[in-house]
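Here's a protein chain to get to know, so take a moment with the picture before reading on. Try following the backbone from one end to the other.

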Amino acid sequence: MLDKLEELIKQMPEKRREVFIKKKIEEKSLKEISEELNITTKTVEYHITEAMRFLKSEFEKLQVQGLIVFHLFIG
């Protein structure tokens, strides 16, 4: 499942992927990300929301096992 997560992250548009990694993996704040990427915090929030929506949708296709991994590592 982690391989699938990595594959899905790679499918995201470049900016969304970058924001998602900084927030969820590097655990940076919205403000830190917005300053690093020179975008507003609202834009950061948008990318996080869209990334999570995409991942949730894709993991739902994989049924319950995928959702468990999704909630443990991403939620």
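What follows is a walk through this model, from the overall layout down to single residues.

First, keep in mind that you're looking at a predicted model. Across the protein chain the pLDDT averages 87, and 83% of the residues score at least 70. That confidence isn't spread evenly: helix α3 comes out highest, at a mean of 97, while helix α5 (residues 64-73) comes out lowest, at 60. Where pLDDT is low, the predicted coordinates shouldn't be read in detail. So take the exact placing of helix α5, with its mean of 60, with a pinch of salt.

Now for the layout. The protein chain has five helices and zero strands, which gives the pattern α-α-α-α-α as you read along the sequence. Of its 75 residues, 33% are buried. The chain exposes about 5000 Å², and carbon and sulfur atoms supply 52% of that area. If you look at contacts between residues at least 6 apart in sequence, 50% of them join residues at least 24 apart.

What sits in the middle of all this? In soluble globular proteins, nonpolar side chains tend to be buried together. Here the largest nonpolar core has 15 residues, and the ones with the most contacts inside it are Met12, Val19, Phe20, Val44 and Leu55. Helices α1 (2-11), α2 (14-25), α3 (30-37) and α4 (41-61) each give two or more residues to this core. The largest share, six residues, comes from α4. Met12 is a good one to click on: leaving aside neighbours within four places in sequence, Met12 is in contact with Arg17, Phe20, Ala51, Phe54 and Leu55.

Helix α4 deserves a look of its own. Is it straight or bent, judging by its span? With 21 residues at 1.5 Å each, α4 should span 30 Å, and its end C-alpha atoms are indeed 30 Å apart, so the two values agree. The buried residues of α4 are Val44, His47, Ile48, Glu50, Ala51, Met52, Leu55, Glu58 and Phe59. An α-helix has 3.6 residues a turn, so residues three or four places apart point the same way. With that in mind, go back to the buried list and step from Val44 to His47 or Ile48, and then on to Ala51 and Leu55.

Next, find Arg16, which belongs to helix α2. Is Arg16 buried or exposed? Arg16 is buried, because its relative accessible area is 15% and the cut-off for buried is under 20%. Not counting residues up to four places away in sequence, Arg16 touches Tyr46, His47, Glu50 and Ala51. With His47 there is also a polar contact of 3.5 Å between the two side chains. Arg16 and Val44 are 28 residues apart in sequence, yet their C-alpha atoms are 8.4 Å apart in space.

Finally, some backbone oddities. Most residues other than glycine have a negative phi. Glu27, in the loop between α2 and α3, has a positive phi near 55 degrees. Asn38, in the loop between α3 and α4, isn't a glycine either, and has a positive phi of about 55 degrees. Both are exposed: Glu27 has a relative accessible area of 66%, and Asn38 has one of 70%. Just after α4, Gln63 takes a positive phi too, of about 75 degrees.

Terms used: Residues numbered from 1 in each chain as written. Predicted model: local features only at pLDDT ≥ 70, side-chain atom pairs only at ≥ 80, totals over all residues. Heavy atoms only, no water. Core = buried A, V, L, I, M, F, W, Y, C linked by side-chain atoms within 4.5 Å. Buried < 20%, exposed > 50% of the residue type's maximum accessible area, 1.4 Å probe, protein only. Helix = DSSP H or I, 4+ residues; strand = E, 2+ residues; numbered from the N terminus. Contact = heavy atoms within 4.5 Å. Expected span 1.5 Å × (residues − 1). Polar contact = N/O pair within 3.5 Å; in protein donor to acceptor, adjacent residues only side chain to side chain. pLDDT = per-residue confidence, 0-100. Areas by Shrake-Rupley, 256 points an atom, 1.4 Å probe, with all protein chains shown as cover.
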